[in-house]
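The questions below ask why certain words are used for parts of this structure, and each answer sets a value against a definition. Please look at the sequence and the model first.

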Amino acid sequence: IGVVSYAIAMFCVVVAGYDTKIVIGTALGGLNLIILSVAYGLILLFEARLWLRDVAISNVVGQVGSFALTLSVTVAGIGSLFWYVGANVVNGTLVLVWLAFTVRRGTVVRINFDRRQWGVWLREAAPLALGAALDTVYFRIDILMLSIIASDKAAGIYNVGYKFSDLMGAIPIAVATPALTLMVAAWPQDVAAFRRTFRHTFNILLVAAVGACAGFLVFARPIISTLYPGYAVAADAARLLVVGQALHFFTLLAFTTLVAVKRNRLYPIAMLIGVVVNIALNLVVIPKYSYEGSGWATVITEVFVLAALGAGVMRIPGIGRLPWRAIAKTGSAGLVAGGLGLLLLDRVAWPVGLGAVGLVYVGLIHLVAPNGEGGLRAFAGEPKDELMAAIEEGIDRPELGGA
């Protein structure tokens, strides 16, 4: 897949008549299509065995290597397109090297081609690939529409909000990755374990989403004024984008759950709904409300997409009702913490106020215990059952759906 993608990329830039610098840059940067395709194959193995620490370390090693090269050529004054593109290739190479070195301790990986298995994979992957493409379109098309309908300046202001939204976006990925492994292993042999994993993941994402919103919605303006001087006007749009990302936490959980039970076809349908709704809303709100209108369009679109995916999740046998008690407890803790933030706003420095909100929120979560007895300890608990033991040991257990 990486080689074919690389060939397509080179064909496009050569046929389109780009100058030599762009062609060479693509030839260099495109190597990551091959390198990271192999790396992602290894990452799948690591995720299936829940060796997530090594995946995290590989990413850190890659980023450090990339940053070191970028900083060096910039300080030396020799920075150019090729050096900066090369830094990305260094990142991917270091990730692959670390994973390849680490994987030797637990298993042997051999290159093999099974035509029958490829047919299964392509049928499974086609709707997911289409859905992922549509996901990217509906989540980012508002910036393009702002630059066309409003102005590049409006798009730049709006993009400030995406910095905070993207930062939050790392949370659901980190939580959903091990959850997918556990749900795939449990379904359909152990529906009870499947449901427990879903509830546990839902509650973790709920606490994270409400906590992030409680802090950022209050202190968005001073945070942006400090980090992006002159862009305080982006505060309201940034608040809306953060709320949209908080809703996206559960969109990703719904997607993960549907993949675990092999109900992949709803994903591209829901993403198509998101594209249509987002484009339609932005066409209406951008001429009048500019970037703040786009923020509202993002929130409304997320509600539509989440409703479509959530309806599919609720039809999965054994999922049951949503944990409304946990939702009420977490929401109440968020309101109290956010209220404290409003009292502290403009009275103390925003880092102090934000820290106070965080401490109060964490303390309230521990007291109200939305995830069950033990307060915060209930979120850190690991399922010490036969299924988890099999996964940790890397044992293929057919009766448990495989490790």
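Q: Why are Asp114 and Arg116 said to meet in a salt bridge?
A: The term requires a side-chain nitrogen of Lys or Arg within 4 Å of a carboxyl oxygen of Asp or Glu, and the side chains of Asp114 and Arg116 come to 3.7 Å, N to O, so the pair qualifies. This is a predicted model, in which local features need pLDDT of at least 70 and side-chain atom pairs count only at pLDDT 80 or more, while totals for chains, interfaces and linings use all residues. Residues are numbered from 1 along each chain as its sequence is written, and side-chain values use heavy atoms, with hydrogens and water left out.

Q: What makes Arg116 count as buried or exposed?
A: Buried means under 20% relative accessible area, exposed means over 50%, and partly exposed lies in between (1.4 Å probe, protein chains only). Arg116 has a relative accessible area of 66% and is therefore exposed, whereas its partner Asp114, at 28%, counts as partly exposed.

Q: How many salt bridges does a search of the whole structure find?
A: The search finds three, and one of them joins Asp166 to Arg140, with the closest N and O atoms 2.6 Å apart. This pair links distant parts of the chain, since Asp166 lies in helix H7 (residues 152-168) and Arg140 in helix H6, 26 residues apart. Helices here are DSSP runs (H or I, at least four residues), numbered from the N terminus. Asp166, at 37% relative accessibility, counts as partly exposed, and Arg140, at 32%, counts as partly exposed.

Q: Why are Arg239 and Asp236 separated by about one helical turn?
A: They are three residues apart in helix H10 (residues 235-260), which means a separation of about one helical turn. Their side chains meet in a salt bridge at 2.7 Å, N to O; Arg239, with a relative accessible area of 18%, is buried, whereas Asp236, at 32%, counts as partly exposed.

Q: Why is H6 called roughly parallel to H11?
A: The axes of helix H6 (residues 115-150) and helix H11 (residues 266-314) come within 9 Å and cross at roughly 10°, and that makes H6 roughly parallel to H11. Such axes are lines fitted to C-alpha atoms, for helices over the stretch in contact, with angles running from 0 to 180 degrees between N-to-C directions. Angles under 35 degrees count as roughly parallel, over 145 as roughly antiparallel, 65 to 115 as roughly perpendicular and the rest as oblique.

Q: How do you know that Ile286 is buried?
A: Ile286 lies in helix H11, and at 3% relative accessibility this residue counts as buried. Its C-alpha is 9.1 Å from that of Asp142, although Ile286 and Asp142 are 144 residues apart in sequence.

Q: What is unusual to check in the backbone at Leu50, and where does Leu50 lie?
A: Phi of Leu50 is near 60°, a positive value in a residue other than glycine, and Leu50 lies in the loop between helix H3 (31-48) and helix H4 (52-76). Ser290, which is not a glycine, also has a positive phi, of about 55°, and its place is in helix H11.

Note on methods:
Helices (H or I, at least four residues) and strands (E, at least two) are DSSP runs, numbered from the N terminus.
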